[in-house]
Structure formats: structure tokens, C-alpha cells
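Okay, thanks for making room for me this morning. I'd like to walk you through one model, starting with the chain and then moving to the ligand.

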Amino acid sequence: MNNENKSIHEFDFSLICEYYSGIHRQGPGSEHATINALGFIENLDKNSLIADIGCGTGGQTMVLAQNTEGFITAVDLFPDFIEIFNQNASKLRLNDRVKGLVGSMDNLAFEIGTLDLIWSEGAIYNIGFEKGLNEWRKFLKTNGYIAVTEVSWLTENRPKEIEDFWIEAYPEIDLVSKKISQMEKAGYSPTASFVLPEQCWTKNFYEPQVELQKEFLNKHSGNKTAEELVANQQHEAIMYRKYKEFYGYVFYIGKKVY
Ligand code: SAH
């Protein structure tokens, strides 16, 4: 990569980070859904080691921290997110047991067999659901848990427009039954799964972006990357409103029993 390309990419990343830093969560989710999922995890105590992969600015991590006693190591690829993450942890006085680190989910630095819980909301798609479940398993202790959210089809048949949209965006999208089967094949016993309520997308994700988009476009007026980013998000929100019966984010919780 020459320097010119590098600087363009870095500029893109910083724009993307700036945009997503303006919202509390960088993907669909809610405090309620995080706590709900946590309710299925047993045997956590003050010595538990928890990882949150693709943590973003830490919306869900802080909820996890406030509802568990153990140590949380959170990892994200983007340094800008991790900086905000660690400021958020300090503000909430959680920084003695919640740490954000820059790193990639395909090259995690945890010790083998040490984690009690791996958490990942709205992020495992970056490595792929199956690959993530398979590769991360080694970091868990026996009887450790994994809890991830993943976009999934909610019906066997779908209108072509939404089928095409998701196959282009994330070809690994599949039925809940298929995802659970992949979890079993990766060596987990399926503990629970549930579809995230609609407000995780609308009230918590798309609606806060409306005001943000106006400010962002004003600030970066004439910038093609900024315009495309906003246009993509708006299109995704329209797709969701139109086809929300056919797909959703699903929490998948599994246990490594052997
Ligand atoms: N869990 C957060 C963020 C979800 S958005 C939430 O629910 O709000 C997906 C996150 O994955 C982003 O923060 C992005 O920076 C991060 N990400 C993308 N590729 C990654 C990788 N290879 N390794 C670690 N994090 C990655």
C-alpha cells in the first residue's frame, strides 16, 4: 500500500469512527437484551474472566460490568473507539475491572482455557459466525459460555429485495435453526437463543442516527465518504422498516461442556 492510499483509508476509518462514536451503541441492542442474555449464564463470580469482542465504545460492556463482578477485557480494532471506551469505564468508576484494548478478533491474545465468558454483540460477522465460534472456543474454560448476537433470517422464505440486500451485505446470514446447528458443530451446547426486540433497531439504533446524520453532513458537506456512509445507513433503516418480519438480530448463548 502506498502512502497516498494509506492516508485515504485512515481518513475513511476516522470518519466512520467519528460517525459511530456519536451513538451509544454501534449496532442494534439494548440494556434489557444484554441483561436478559446474561440471565442464562451461570457460575460467574468476582474472579471470573470475561472478554467482550468487537466492543465498540462499550454500550453493552458497561451493562455487563454493572451486572457481573468479574474482570472484563474488551477488544476492538479501532483505537478511537477504545479511547472512548476507557473514558466511559472511568466515568462509571469501572476502570479497575474493565479494560479496553486495541486488537483484532482474528488474532486475540487471551490465554488458552482461561475465559469464563466470551461476549460479542453485533460484531462476530466481521470474522464470520462459524469461524468466530470455532476460533474463540479454545480461550474458554470447560463450562465457559459464549454469548453473541448475529443477524439471522426469521422466516424460511423472503421477498427477493431483502434476500438480495443481505446476501450482498453478509452472505453468511442464515436461519436461526442453522445458526444453532453451527453452534453445536463448533462444540457448544445451545443454552438459549432469542430474537432482539424491534426497539433494539429502531429506538436504540436508527432513531438516534437521524439527528446525528444532519450534523455529520453539515460538518462534512461535500465529502463523498460521509455522504455514502449516511446514504447506506438510511437505506439500511428503510430496509429494516419494510422487512423487519423477515430478519433480525438474534442472541445465541452456548456452553462449552467438553
Ligand atoms: N459491540 C458494540 C459494537 C458493534 S459494531 C455494540 O454492540 O455497540 C462492530 C464492532 O466491531 C465495531 O466497533 C468495529 O470496530 C469492530 N470490529 C470490526 N472488525 C473487527 C476486528 N477484526 N477485530 C475487532 N473488532 C472489530
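**The chain and its ligand**

So, the fold to begin with: the chain has 9 helices and 7 strands. Keep in mind that this is a predicted model.

On overall dimensions, the C-alpha atoms fill a box of roughly 55 × 45 × 40 Å, taken along the principal axes. The radius of gyration is 18 Å, and that agrees with a compact globule, because one with 258 residues would come out near 18 Å.

Now the ligand. Where does the ligand sit? It's in the largest pocket.

Who's around it? There are 18 residues surrounding the ligand, and the closest are Gln26, Gly54, Asp76, Met105 and Glu121. If you sort that shell by character, you get 6 nonpolar, 9 polar and 3 charged residues.

Let's go through some polar contacts. Glu121, which I just listed among the closest, uses its backbone here: an N or O atom of that backbone lies 2.8 Å from a nitrogen atom of the ligand. With Ser104 it's the side chain, where a polar atom is 3.0 Å from a ligand nitrogen. And then Asn126 has a side-chain N or O atom 3.5 Å from an oxygen atom of the ligand.

How much of the ligand does the protein bury? Taken alone, the ligand exposes 570 Å², and the protein buries 92% of that.

That's my tour, happy to go back to any part of it.

Methods. Residues are numbered from 1 along each chain as its sequence is written. This is a predicted model: local features need pLDDT of at least 70, side-chain atom pairs count only at pLDDT 80 or more; totals for chains, interfaces and linings use all residues. Side-chain values use heavy atoms; hydrogens and water are left out. A residue is near a molecule or strand if one of its heavy atoms lies within 4 Å of it. A polar contact is a pair of N or O atoms within 3.5 Å; within protein, one must be able to donate a hydrogen and the other to accept it, and residues adjacent in sequence count only if both atoms are side-chain atoms. Accessible areas come from the Shrake-Rupley method with a 1.4 Å probe; for residues, only the protein chains shown count as cover. On a 1 Å grid over the protein atoms alone, a cavity is a set of points where a 1.4 Å probe fits but cannot get out, and a pocket is an open set with protein on both sides within 12 Å along at least five of seven lines; lining residues have an atom within 4 Å of a point. A molecule sits in a cavity or pocket if more than half of its atoms lie within 2 Å of its grid points. Ala, Val, Leu, Ile, Met, Phe, Trp, Tyr, Cys and Pro count as nonpolar, Asp, Glu, Lys and Arg as charged, and the others, Gly among them, as polar. Helices (H or I, at least four residues) and strands (E, at least two) are DSSP runs, numbered from the N terminus. The radius of gyration is taken over C-alpha atoms; the globule rule is 2.2 Å times the number of residues to the power 0.38.
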